Amino acid sequence: MVEENFAYGRSFIHKLDPKIRIIASIVLSFATALCDNLYLAMIYSFISIFLILMAGLNTIDVVKRLKPLFWFLLMIWIILPLTFEGDILYRFYGFKITGQGVVLCIKITIKSISILFLFTALIATMTVASLGNGLHRIHVPDKMVFLVLMTYRYISVIEQEYKRLLRAAKFRGFNPGTNLHSYKTFAYLAGMLFVRASLRAQRVHQAMLCRGFNQKFHTLDDYPPNRLNSIFLMGICGASASLVILEMIWVEI
Amino acid sequence: MIDNDSVIKLEDISFSYTGSDIQVLDHLNLEINKKDRIGLIAPNGSGKTTLLHTIMGLCKPDSGTIKVFGKILNNEKDFLQVRSKVGLLFQDSDDQLFCPTVLEDVAFGPLNLGFSRTEAIDIAEKTLKRLGIQLFEHSVTHKLSGGQKRLVALASVLAMEPEVLLLDEPTAGLDNKVKKKLIHILNSLDISYFVISHEFDFANAVTDKIYSMENGRILRDDEIHIHHHEHVHQHGKHPHIHK
Amino acid sequence: MHISEGVLSGPVLATGAVFAFAGTGMGLKKIDYDRIVHVAILASAFFVASLIHINIGPASVHLILNGIVGLLLGFAAIPAILTALILQAVFFQYGGLTTLGVNVVVMAVPAVLAHYLFLPMLGKSPTLTFIAGFLAGLFSILFSSILLGLALWFTNQNFFETSLAIITAYIPVMIIEGIVTGFCVTFLLKVYPEIIPKKK
Ligand SMILES: Nc1ncnc2c1ncn2[C@@H]1O[C@H](COP(=O)(O)OP(=O)(O)O)[C@@H](O)[C@H]1O
Ligand SMILES: [Mg+2]
């Protein structure tokens, strides 16, 4: 379930320092999110598609990741054009579709897909271990980094426990449906997960004590300085800055 | 017995979990000396894991004394000092391996002992090599198989260069190949160890004497032949063992 | 419960980020090194439990369970929820980077409030325990969906109908989360009461 499918490529992007990738994706994501101009939003989407191509990812897998977004977009495409105030584009049976509503939907669609694409290209292409390392080096507090790494580490362990519990329940005739008994069973399963998690946390903590844990976390990964890193970061920041400035001037006109 | 040969000595240890009135350890005595290779075979729930956790200071006994290298351990600070000398291999490797990658996990102990990064990496690499699993160095821990996890967990304990090793059911859930490997590794160690197992063959292959546990106490070889006898009969297939 | 990327305005994103940052800082401060493993692995359980699908008639919804996390962790629920959201973004692309702050506020503020409002009611009697759990579950989702609606409404008042639609869509989820949370705390209090924080 928590497979790092994209993390093991050999592309130019995979070779970049995680820290650089995190900073670049923050800068570019926010620039995209703040953009309010349809044409500039399209430029951001070209950049994000370009990054996906550079990362050499499987297109189908990348598009599949948009599924959660798809439902949201579907909803706003149904609601916004009908409810947004503005010039009426089209009228039928008392419903009015407004131009502004449609334009906003297009903008949101382009921007949201762009932001997710560049997240996929820059962040999902690293292992969680590298993400932790990168976060550590942009001075995210140790405890936060540790939480991310540790939580990730035990997701698959707890998922296995969940599967075993659910299988055992199904062997005993549990057939999930829309009824109180099913909800109660799932509540107990979830409760059991929390119990197991807590007991496991005790043992893990004991194991850490046995190995001399002294409230300090260490990271080992080393990323030698590489000119590509700074060139990439400057490229991304430069592009974002010029697009932001361009939008400001555009509004002036 | 000469006292400076003694590595771990438990005297009159009693322990029960808070909120339960079962004496898991009841005036228990145990001594592990230098070069000792001791096995412990006892049914589930007889308190084996609790015993190991008491030695490590993870369970605080209600009464009795724990001596490690001749020094009585009373508080957390005393235990902290000996934890690097006594290595405990946990029953479930997932409890023990909590770092993202194998190398980080094995280096975690040495780093805590104050070694520099390069030294720690060096120690970790050497330990992995010693156990023949250097290929996994950069693997992501939770994606390893059960057997690989067990070996990495053992490496993470051995990397701290303990003087005595406590192993909690190291063969549970392993296939024969890994079991053989484990037998080979344990037999090549020159430190004393105390190993809990459910498998008589395994315990026999890696230890010189076998204890059992009953009613919160340790039973030595001479007291446990009855148990083996029953055990063997229960499982039918094996030849009788009469000591 | 996530708000999508590319919708919210700069000021709303910034407000979310500032509150999430402050809340995470406060939460981290409350987690000492003896408890950090506990928080982390409960966050793993939260991540897994939130993938449980529950049927409502022909449709199915996944659990959210921020109420339970709030009850169990208090302020520490904020960094725990942030952690789960980061990992959900990495693995399922439920969101991206810019909405992380807003989403933490949407999920974690009701969770922390549920802790202070409903924890004192737990354990008084079986009925009261179930009711407290039910209210914690229901309230968390209700408040989360209202916060989500507000984030949209502050972005553009034309989002009013969209916000209402979202809150309405979450009504069945509120009821299910209430029932599940009620049974879940009853279960926890019975089999492993140590997991419920002591009232101060
Ligand atoms: N954390 C705990 N709290 C309460 N009782 C426990 C706990 N851990 C173990 N026990 C009880 O202590 C007894 C011994 O357990 P354990 O040492 O794990 O046995 P073994 O390792 O020999 O199977 C069992 O009866 C078990 O139920
Ligand atoms: Mg045991």
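# Exercises on a predicted three-chain model

B:Asp122 is a residue of helix H5 of chain B, which covers residues 117-130. The structure is a predicted model, and the exercises below work through parts of it step by step.

## Exercise 1: B:Asp122 and chain B

Task: Determine whether B:Asp122 is buried, partly exposed or exposed, and find how far B:Ala107 lies from it in sequence and in space.

Solution. Begin with the relative accessible area, which is 35% for B:Asp122. Buried means under 20% and exposed means over 50%, with partly exposed in between, so B:Asp122 counts as partly exposed. Next, take the pair of residues: B:Asp122 and B:Ala107 are 15 residues apart in sequence, while their C-alpha atoms are 8.6 Å apart in space.

To set this residue in its chain, note that chain B has nine helices and 10 strands, and that buried residues make up 55% of its 243 residues. The accessible surface of chain B comes to about 11,200 Å², and 51% of that surface belongs to carbon and sulfur atoms. Finally, if one takes the contacts in chain B between residues at least 6 apart in sequence, 65% of them join residues at least 24 apart.

## Exercise 2: A contact across a long stretch of sequence

Task: Place B:Lys209 in its element, and list the residues that B:Lys209 touches, not counting those up to four places away in sequence.

Solution. The first step is the element, and B:Lys209 is found in strand E9 of chain B, residues 209-214. The second step is the list of partners, which holds B:Asp36, B:Arg37, B:Ile38, B:Gly39 and B:Asp221 when residues up to four places away in sequence are not counted. One of these partners, B:Gly39, is 170 residues from B:Lys209 in sequence, yet the two are 6.2 Å apart in space, C-alpha to C-alpha. As a last step, B:Lys209 has a relative accessibility of 24% and therefore counts as partly exposed.

## Exercise 3: Positive phi in two loops

Task: For B:Phe69, give the phi value and the loop in which the residue lies; then do the same for B:Glu169, giving its phi and its loop.

Solution. Start from the general expectation that most residues other than glycine have a negative phi. B:Phe69 has a positive phi, near 50°, although it is not a glycine, and its place is in the loop between strand E4 (63-68) and strand E5 (71-72) of chain B. B:Glu169, also not a glycine, has a positive phi of about 45°, and this residue sits in the loop between strand E7 (164-168) and helix H7 (176-188) of chain B. Turning to accessibility, B:Phe69 is partly exposed at 34%, whereas B:Glu169 is buried, with a relative accessible area of 8%.

## Exercise 4: The surroundings of ligand 1

Task: Identify the residues around ligand 1, and state how they divide into nonpolar, polar and charged.

Solution. The residues around the ligand are B:Tyr17, B:Val24, B:Pro43, B:Asn44, B:Gly45, B:Ser46, B:Gly47, B:Lys48, B:Thr49 and B:Thr50. This shell divides into three nonpolar residues, six polar ones and one charged one. Next come the polar atoms: a polar backbone atom of B:Gly45 is 2.7 Å from an oxygen atom of ligand 1, a polar side-chain atom of B:Lys48 lies 2.8 Å from an oxygen atom of the ligand, and a polar side-chain atom of B:Thr49 lies 2.6 Å from an oxygen atom of the ligand. Taken alone, ligand 1 exposes 570 Å², and the protein buries 59% of that area.

## Exercise 5: A helix of chain C and its neighbours

Task: Explain why helix H3 of chain C is described as largely enclosed by the rest of the structure, and name the helices against which its buried residues pack.

Solution. Helix H3 of chain C covers residues 66-73, and eight of its eight residues are buried, so the helix is largely enclosed by the rest of the structure. Its buried residues pack against helix H9 (180-210) of chain A, together with helices H2 (36-49), H4 (77-92), H5 (100-118), H6 (126-155) and H8 (171-191) of chain C. After H3 of chain C comes C:Gly74, whose phi is positive, near 60°.

Key: Residues are numbered from 1 along each chain as its sequence is written. Chains are lettered from A and ligands numbered from 1 in the order in which they are written. This is a predicted model: local features need pLDDT of at least 70, side-chain atom pairs count only at pLDDT 80 or more; totals for chains, interfaces and linings use all residues. Side-chain values use heavy atoms; hydrogens and water are left out. A residue is near a molecule or strand if one of its heavy atoms lies within 4 Å of it. A polar contact is a pair of N or O atoms within 3.5 Å; within protein, one must be able to donate a hydrogen and the other to accept it, and residues adjacent in sequence count only if both atoms are side-chain atoms. Accessible areas come from the Shrake-Rupley method with a 1.4 Å probe; for residues, only the protein chains shown count as cover. Ala, Val, Leu, Ile, Met, Phe, Trp, Tyr, Cys and Pro count as nonpolar, Asp, Glu, Lys and Arg as charged, and the others, Gly among them, as polar. Buried means under 20% relative accessible area, exposed over 50%, partly exposed in between (1.4 Å probe, protein chains only). Helices (H or I, at least four residues) and strands (E, at least two) are DSSP runs, numbered from the N terminus. Contact means heavy atoms within 4.5 Å.
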